[in-house]
Each structure stands twice: as structure tokens, then as C-alpha cells.
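Please examine the sequence and the structure shown below. A short report on the architecture then follows.

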Amino acid sequence: MMEGPVHGDLDTVMALREQHKIFEEELNSRLAQTKQVRKTAVDLMATASAEDKAAIQKQVSELDANWENGTKASKTRSVRLDDALVQAEALHRSVNMILE
């Protein structure tokens, strides 16, 4: 995810929001896959050696941490884009008032 301020003209911000909406839909579609990976990991750990269980658990923990970081960053980006849209709309209105 990009850091720093999100800003631009109204069309740019709206395009960024649309791109992010598509990203969020793809991210949400991956949730079922991550749940299936966790279920498979639990099944594998039931019959795995102690060493393999530890390795599987480490990978599941990394998956969970990465998933959490990704979803948190996506939510932050959504908020920032919503704020940028409000600012871009205000700027657009101000420019139109000046031009009238």
C-alpha cells in the first residue's frame, strides 16, 4: 500500500477509490482460501511429527500476521481515500464557484 497523503483532483481520487475497491474485492475473495489453508494445516498437524508441527504452526502464524497486516493496510487506505474524496469534492466546488 502506498504511504503519504492521498490527494488529487476529483477524477483522480475517484479512479483511485475504484482501483482500491477492486483490490478489496479480490482481497475478500481470498478469505476462503486462507481459511482452507488453516484447515489443511490443522489436519496436517494432527498426524505430523513434533518438528513438522512446529514448522506448520510457524507458517500459519506468518500467514495470519500477513493477512492481518494486509487487511489493516487496506482499511487504512479506504479511510484515507474517503478523506481525499471529501477534500477533492470541496476543491471542485470551490473552483466551480470561482469560475461562475
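The report covers the overall fold, the packing of the helices and the largest pocket.

This is a predicted model, in which local features need pLDDT of at least 70, side-chain atom pairs count only at pLDDT 80 or more, and totals for chains, interfaces and linings use all residues. Residues are numbered from 1 along each chain as its sequence is written, and side-chain values use heavy atoms, with hydrogens and water left out.

The protein contains 3 helices and 0 strands, where helices (H or I, at least four residues) and strands (E, at least two) are DSSP runs numbered from the N terminus. Along the sequence the pattern is α-α-α. The radius of gyration, taken over C-alpha atoms, is 21 Å, well over the 13 Å that the globule rule gives for 100 residues, so the protein is more spread out than a compact globule. That rule is 2.2 Å times the number of residues to the power 0.38. Along the principal axes, the C-alpha atoms fill a box of roughly 75 × 20 × 10 Å.

Two helix pairs are listed here, with axes fitted to C-alpha atoms over the stretch in contact and angles running from 0 to 180 degrees between N-to-C directions.

| Helix pair | Angle | Axis separation |
|---|---|---|
| α1 (residues 10-29) and α3 (residues 50-99) | about 160° | 9 Å |
| α2 (residues 31-47) and α3 | about 165° | 10 Å |

Helices α1 and α3 are therefore roughly antiparallel (angles over 145 degrees). Their contact has 11 nonpolar, 6 polar and 5 charged residues. In this classification, Ala, Val, Leu, Ile, Met, Phe, Trp, Tyr, Cys and Pro count as nonpolar, Asp, Glu, Lys and Arg as charged, and the others, Gly among them, as polar. Helices α2 and α3 are likewise roughly antiparallel to each other.

The largest pocket (an open set of points on a 1 Å grid where a 1.4 Å probe fits, with protein on both sides within 12 Å along at least five of seven lines) has a volume, the space filled by probe spheres set on the points, of about 170 Å³. Its lining residues, which have an atom within 4 Å of a point, are M14, R17, E18, H20, K21, E24, S78, L81, D82 and L85. Helix α1 gives the largest share of this lining, 6 residues. By class, the lining divides into 3 nonpolar, 2 polar and 5 charged residues.

Key: Parallel < 35°, antiparallel > 145°, perpendicular 65-115°, else oblique.
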